[in-house]
Amino acid sequence: MDSPRVAFCFHHQAPSGATLWLRDFLLTGGWPAECSIAVFPCASPLEAPLLQGGIECRRVGLATVGISDVPLWKAPGLLLNRFGSLGRYGAALRGAEVVYANSSVQIAPMLAAARLGLPLLVHVREGWHQGHTHGLKRFCVRRFAHAAAFDSSTGVELFAPSPARAVWEVSPNGVDPSLSALRADRGATRSRLGWRPDERVLLFLGTVCARKGIPDLMSVWPGLRADHPGLRLVVVGPEEASDPDPEVRAFLRERPAGVEYLGRRTDAHELIAAADLLVLPSYGEAMPISISEAMMIGTPVCARAVGDVAWQIGGGRGFLFEGGGPAPLAEALRAALASSEEASRRASAAQVFAGEHLRRETQQAQIRRLIAEAQARRR
């Protein structure tokens, strides 16, 4: 059967775990280029590689701020902006036979697809209850989606119960198996970055905000570095401008000793491979792509047990910790730094698990099947 023409709606114009996943899905043959339309809310640096890959790109012209990123009193005005974009989304979806929404925050594309009578697949990236629009997102997914792919089982629970007319499935974040070769080049990467061969490097990769556990990380860092004087912490990721947390603001103003802030980077895979430990003390996740990537690469991981993180690195595949506050993070980091041999053993177990359960081609095949399911159920 011929592939239908699919409008793949990016939920954000900036590179992030989810938007980069969708870019790679399109560029690595997840869907035929001639049957793909990439729809962006506004101008995006992700357009150029897609155009080079023969994929048509369209822009809607939305305000870039998210509804969950503004105070409650500003949300109605932003919602009006979103609903006012229905006509523009309708134009951007012209010629499509199926609509793929890359996040449950994409209320306008969901409504536009329903208005046009188009089959809809929603990829739900949430694994935690966040924002004052959760009820609206849940309503739209349950009412309009003919199929839904969830990053995590916790996401399914947040949006449950599933409607009888739709198919809902957990779709673990798939990553490129070739990432496993990157550890062999880590010496050259460390030299390029100015990291000494003998120093141990902890890497935080994600948005710099309170939800990601930055205050806890800053709280435990002085004591950790006192125990390990040569330790370096490298923080990689964009700022979240709307985060008012004073500890996050203080970190961005003045770097603690031994901490290096690199901002947004395009060489995240190389950084993960070069680091000695990936640290993610986040309070809200679904199934973090960065953890899946570190597992495939073979870099040890230390992370809080939220969302489906326990499924990823539980069972001795990483240094998993539970509970809020900095204390459990400090204990887990000390355990991870206590023995390089134990850290390597857990990383090897994680790499085997990733090769069996987190391969990109496996997830791509599932998404292709869900697109077909959405089309069939709409008919």
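**Two parallel sheets and their packing**

Strand S8 (residues 201–205) and strand S11 (residues 277–280) run parallel and are joined by two bridges. Strands and helices are DSSP runs numbered from the N terminus, with at least two residues in state E for a strand and at least four in H or I for a helix; two strands pair if DSSP finds at least two bridges between them. The model is predicted, so that local features require pLDDT of at least 70 and side-chain atom pairs count only at pLDDT 80 or more, whereas totals for chains, interfaces and linings use all residues. Residues are numbered from 1 along each chain as its sequence is written, and side-chain values use heavy atoms, with hydrogens and water left out.

Within the S8–S11 pair, Leu203 lies opposite Leu278 of S11. Both strands belong to an open sheet of six strands with parallel pairing, in the order S10-S9-S8-S11-S12-S13. Its edges are formed by strand S10 (259–263) and strand S13 (319–321), each of which pairs on one side only. From one strand to the next, the twist averages 20 degrees. Helix H12 (residues 289–297) packs on this sheet and touches S8, S11 and strand S12 (301–304); contact denotes heavy atoms within 4.5 Å. The direction of H12 makes about 165 degrees with that of S11, where angles run from 0 to 180 degrees between N-to-C directions and axes are lines fitted to C-alpha atoms, for helices over the stretch in contact.

H12 also packs against helix H15 (residues 340–357), the two axes coming within 7 Å and crossing at roughly 110 degrees. H12 and H15 are therefore roughly perpendicular to each other, a class that covers 65 to 115 degrees (under 35 is roughly parallel, over 145 roughly antiparallel, the rest oblique). At this crossing, Met295, Met296 and Ile297 of H12 meet Ala350, Gln351, Phe353, Ala354 and Gly355 of H15.

Arg190 is located in helix H8 (residues 186–193). This residue counts as buried because its relative accessibility is 6% (buried, under 20% relative accessible area; exposed, over 50%; partly exposed, in between; 1.4 Å probe, protein chains only). The side chains of Arg190 and Asp276 are joined by a polar contact of 3.2 Å (a pair of N or O atoms within 3.5 Å; within protein, one able to donate a hydrogen and the other to accept it, residues adjacent in sequence counting only if both atoms are side-chain atoms). Beyond neighbours within four places in sequence, the contacts of Arg190 include Trp195, Pro197, Glu199, Val201 and Ala274.

The second sheet described here is open and has seven strands in the order S3-S2-S1-S4-S5-S6-S7, with parallel pairing. Strand S3 (56–59) and strand S7 (167–170) stand at its edges with a single partner strand each, so one side of each has no neighbour in the sheet. Strand S6 (residues 147–150) runs parallel to S7 and is joined to S7 by four bridges, with Ala149 opposite Glu169 of S7.

Arg142, in helix H6 (residues 134–144), counts as partly exposed because its relative accessibility is 25%. Not counting residues up to four places away in sequence, Arg142 touches Phe159, Ala160, Pro161, Pro163, Arg165 and Trp168. Arg142 and Arg165 are 23 residues apart along the chain, and their C-alpha atoms are separated by 9.6 Å.
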